[in-house]
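User: Could you take a close look at one part of this model for me? I'd like a connected walk through it, not a list.

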Amino acid sequence: MATRTQHARRNIITSVINKLVIMLSSFIMRTVLIKYLGEVYLGLDSLFVSILEILSLTELGIGSAMVYSMYKPLAENDTAAVCALLKLYRTVYRWIAVIMIVLGLIITPFLPLIVKKDLPSDVNLYALFFINLSNTVLSYMLFAYRSSLFTADQQYSVNNNIYSGFKIGSTVVQVIAIIVFRNYYFYCIVLPLTTILKNLATYLISVKMYPQYKCEGSVPKAEIDAIKKRCAGMFLHKLSFVFRNSLDSIVLSAFLGLTILAKYNSYYYIINAISGIMILVSNSVTASVGNSIVVESQAKNYKDYNKLQLLYMALTSWLTVCLVACTQPFMKLWLGEKMMFGDGIMFVFCIYFFSTHFVRVCHLYRQAAGLWWQDRYRPIVETVSNLVLNIIFVKIFGVSGVMFSTIFCMVCIEGTWGTRILFKHYFTEEKQSIYMLKLLWSWFLTAVAGAIVYFICKKVPLEGIPALIVNGIIGSVVSVVVFAAGSSFLPEFKDAFFFALHIVGMDKIAKKLKKPSDS
């Protein structure tokens, strides 16, 4: 039987491959949209995505809560319990689809208030919205609930493979639709058709892998009450996350127009693509962490927590520094100077990226430990703060303002209050202050490496692909050296180093480097 580490390794590899497919597909679609239809269509596309993400709040965090509920019965081979949970999950998702239709109809009259500028004359805003809404509704109405089996059973790689295959297929069809027909409607219609086929594939594969699990039976009232409580807490977390990522686009569209939104989202695409890889990497180990929390001691989990935190911060620091080095050369090569911001806004994007990830491992452990209800008030404060600051800052700072609001909320609210929840309710024997000092030290190391790389890269007399390659090498070398040297004194450094070798399959090298006393 595969170990948690083996599951995590397989899930991480497929997650990275899946995200690379998404990144390449998005890159191709953005390039084609701008070249054949114009940047305002790209802005419109980004706006619809943001609006529908907010509508998806009706999901209430059911997916995460149900996956958490399945950890124990799957580990104990309790087939009846899993079947009952699946039936409940299916029923709830169908009601969610109905609610989303109703909410979509309610907000339809207000669409012109959001798209005040730059709306293309040849499109019907309402028709396009309903096409995109149908895509989201169908994702809940069909067999999405079956994907929870893969996630809870540490088989997240199956979800990744299904998504990657259909993403490639839909991208090819959409590109053909735009190039041949120059029609944005054809591009949009591909989305709900792909969702139908993808969900059918998920159902068929899940039935083949888990024929014993069917939608039957009933969940005990005590378990339903526990799920409701977790969902209530999880909804508030999802509210915070969605507003953090979607409100920016809506505010920019309403205040600055679709053209500025397209320019902003071209930069955001870069950091979001990289963020997606990192989040998928962390999601790939969530089930393993959840399993460990159930079967291992708190002391063992805290040791693993520190190890994962250091590795994730090293990855975050490396990518942030590489963004400093490569973002501007990439934007110039990809879309040209007309779609570029100055270095100041580029720095804000890099800080934005780092701030959204520096407590990601803490979030992962809170989720795996089921602490949504205990953490229910923080997301409310964060959401309200982000909304108010977004509107205020966009008027003062323009494009940078929407990022300043998120940076403030992530550092001052999530970074302190969020970690407090984990240490108060799970790692009760450990000191939060030590953890916070380590986070501050990671910020410092990243800032030092980023400053060094920026000034070095400014001296590089290259452009285009050569500049990207050289700057990427400079950013990688400097960030790794600075972070490794600055973190080598930490007690978890050795464990993190050998775990990294193990997770990438370099076990023989790890054994050679280890001393006999370490084995």
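How much space lies in the second largest cavity?

Analyst: About 90 Å³. Bear in mind that we're looking at a predicted model, and that this cavity belongs to a set: the structure holds four of them at 30 Å³ or more.

Now for the walls. The lining takes in Asn306, Gln309, Leu310 and Met313, then Tyr435, Lys438, Leu439, Trp441 and Ser442, and finally Ser487, Leu490 and Glu492. Two helices, α13 (298-334) and α18 (432-458), each put in at least two of the lining residues. Of these, α18 gives the largest share, with five residues. Sort the lining by class and you get six nonpolar residues, four polar ones and two charged ones.

Staying with α13 for a moment, that helix also carries a salt bridge between Lys300 and Asp304, whose closest N and O atoms sit 2.7 Å apart. Both partners lie in α13, four residues apart, or about one turn of the helix. Across the whole structure there are ten salt bridges.

How far should you trust the coordinates? The chain averages a pLDDT of 83, and 89% of its residues score at least 70. Confidence peaks in helix α19 (residues 464-487), at a mean of 94, and bottoms out in helix α21 (residues 507-513), at 65.

For contrast with the inside, here's something on the outside. A nonpolar surface patch brings together Phe255, Tyr377, Ile380, Val381, Val384, Leu387, Val388, Ile391, Ile392, Ile396, Phe397 and Trp417, with about 1000 Å² of accessible area together. Helix α16 (residues 377-397) supplies the largest share of that patch, ten residues, and Ile391 is a residue of this helix.

How values were computed:
Residues numbered from 1 in each chain as written. Predicted model: local features only at pLDDT ≥ 70, side-chain atom pairs only at ≥ 80, totals over all residues. Heavy atoms only, no water. 1 Å grid on protein atoms, 1.4 Å probe; cavity = no way out; pocket = protein on both sides within 12 Å on 5 of 7 lines; lining within 4 Å. Points joined across faces, edges and corners; volume = space filled by probe spheres on them. Nonpolar A, V, L, I, M, F, W, Y, C, P; charged D, E, K, R; others polar. pLDDT = per-residue confidence, 0-100. Patch = residues over 30% accessible without salt bridge, like charges linked within 9 Å, V, L, I, M, F, W, Y side chains within 5 Å. Areas by Shrake-Rupley, 256 points an atom, 1.4 Å probe, with all protein chains shown as cover. Salt bridge = Lys/Arg side-chain N within 4 Å of Asp/Glu carboxyl O.
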